[in-house]
Amino acid sequence: MSKYESSVKQIPYSQEAVYRHISDLSNLERVRDKIPADKVGDFTFDRDSVSVNAPMVGQIAVQIVEREEPKCVKFGSQQSPVPFNVWIQVLPVDEHASKMKLTVDADIPFMLKGMVSGPLQEGLEKIAEALSKIPYE
């Protein structure tokens, strides 16, 4: 397994508010219109899972496998060309702010690691940045 980590992102909302939103995937409805249709198709979700069709990758489905209130949500791949897990960690800064870090642990074959490591790290940073910009009210 190969581990990738985002940089730590500051969020101007409490740990509890952020956790409440990321631990319920039905909250993705609030950002559906911000997801570019040319980058992601067949975007479906419910409280515990999300599924997308990504060009050149195919169908990807993940499900929440563990909730550790109020600090961590763990996801596991249900359908993917490569098995992976994702953790979203949220820690308090003070009562009105928190910080977040994303970690991906993926079973990338050695022959592909050189090709996918850069884009995977870049994608992880973009997701972390996007999550840090959501209004968690």
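Me: Which elements of the protein have the lowest and the highest mean pLDDT?
Reply: This is a predicted model. Among the elements of the protein, strand 3 (residues 41-45) has the lowest mean pLDDT, 82, and strand 2 (residues 9-11) has the highest, 98.

Me: And what is the mean pLDDT of the protein?
Reply: The mean is 91, and 93% of the residues reach 70 or more.

Me: On to the interior. How many residues are in the largest nonpolar core, and which have the most contacts inside it?
Reply: That core has 29 residues. I22, F75, I88, M100 and Y136 are those with the most contacts inside it.

Me: Which elements each supply at least two residues of this core?
Reply: Two helices do so, helix 1 (15-22) and helix 2 (110-133). The strands that do so are strand 4 (49-54), strand 5 (58-68), strand 6 (72-79), strand 7 (84-94) and strand 8 (97-106).

Me: Take M100, then. What is M100 in contact with, leaving aside neighbours within four places in sequence?
Reply: With that exclusion, M100 is in contact with S7, V8, K9, I11, V18, I22, I88, Q89, V90, L131 and Y136. I22, I88 and Y136 are also listed with M100 among the core residues with the most contacts.

Me: Changing topic to the strands: do strand 4 and strand 5 run parallel or antiparallel, and how many bridges join them?
Reply: They run antiparallel and are joined by 6 bridges. One pairing sets V50 against V62 in strand 5. The two strands form a hairpin with 3 residues between them, and M56 in the turn has a positive phi of about 70°.

Me: How many bridges join strand 5 to strand 6?
Reply: There are 7 bridges, and these strands run antiparallel. I64 stands opposite F75 in strand 6, and F75 is one of the core residues with the most contacts. Strand 5 and strand 6 also form a hairpin, with 3 residues between them.

Me: What about S2: buried or exposed?
Reply: S2, located in strand 1 (residues 2-5), is buried because its relative accessible area is 7%, under the 20% cut-off. Its side chain makes a polar contact of 2.8 Å with the side chain of K113. Leaving aside neighbours within four places in sequence, S2 is in contact with V104, D105, A106 and K113.

Me: How many salt bridges does a search of the whole structure find?
Reply: The search finds 9 salt bridges. One of them joins the side chains of K9 and E125, at 3.5 Å from N to O. K9 lies in strand 2 and E125 in helix 2, so this pair ties together parts that are 116 residues apart in sequence. K9 is buried, with a relative accessible area of 13%, whereas E125 is partly exposed at 23%.

Me: Which residue forms a salt bridge with R67?
Reply: The partner is D48, with the closest N and O atoms 2.4 Å apart. This pair links distant parts of the chain, as R67 is in strand 5 and D48 is in the loop between strand 3 and strand 4, 19 residues apart. R67 is partly exposed at 31% relative accessibility, and D48 is partly exposed at 28%.

Me: And K133, what does it pair with?
Reply: K133 forms a salt bridge with E129, the closest N and O atoms being 2.9 Å apart. The two are separated by about one helical turn because they are 4 residues apart in helix 2. K133 is exposed, with a relative accessible area of 59%, while E129 is partly exposed at 29%.

Me: Which residues do salt bridges that share partners join into one network?
Reply: K9, E125, E129 and K133 are joined into one network in this way.

Terms used: Residues numbered from 1 in each chain as written. Predicted model: local features only at pLDDT ≥ 70, side-chain atom pairs only at ≥ 80, totals over all residues. Heavy atoms only, no water. pLDDT = per-residue confidence, 0-100. Core = buried A, V, L, I, M, F, W, Y, C linked by side-chain atoms within 4.5 Å. Buried < 20%, exposed > 50% of the residue type's maximum accessible area, 1.4 Å probe, protein only. Contact = heavy atoms within 4.5 Å. Pairing = 2+ DSSP bridges. Polar contact = N/O pair within 3.5 Å; in protein donor to acceptor, adjacent residues only side chain to side chain. Salt bridge = Lys/Arg side-chain N within 4 Å of Asp/Glu carboxyl O.
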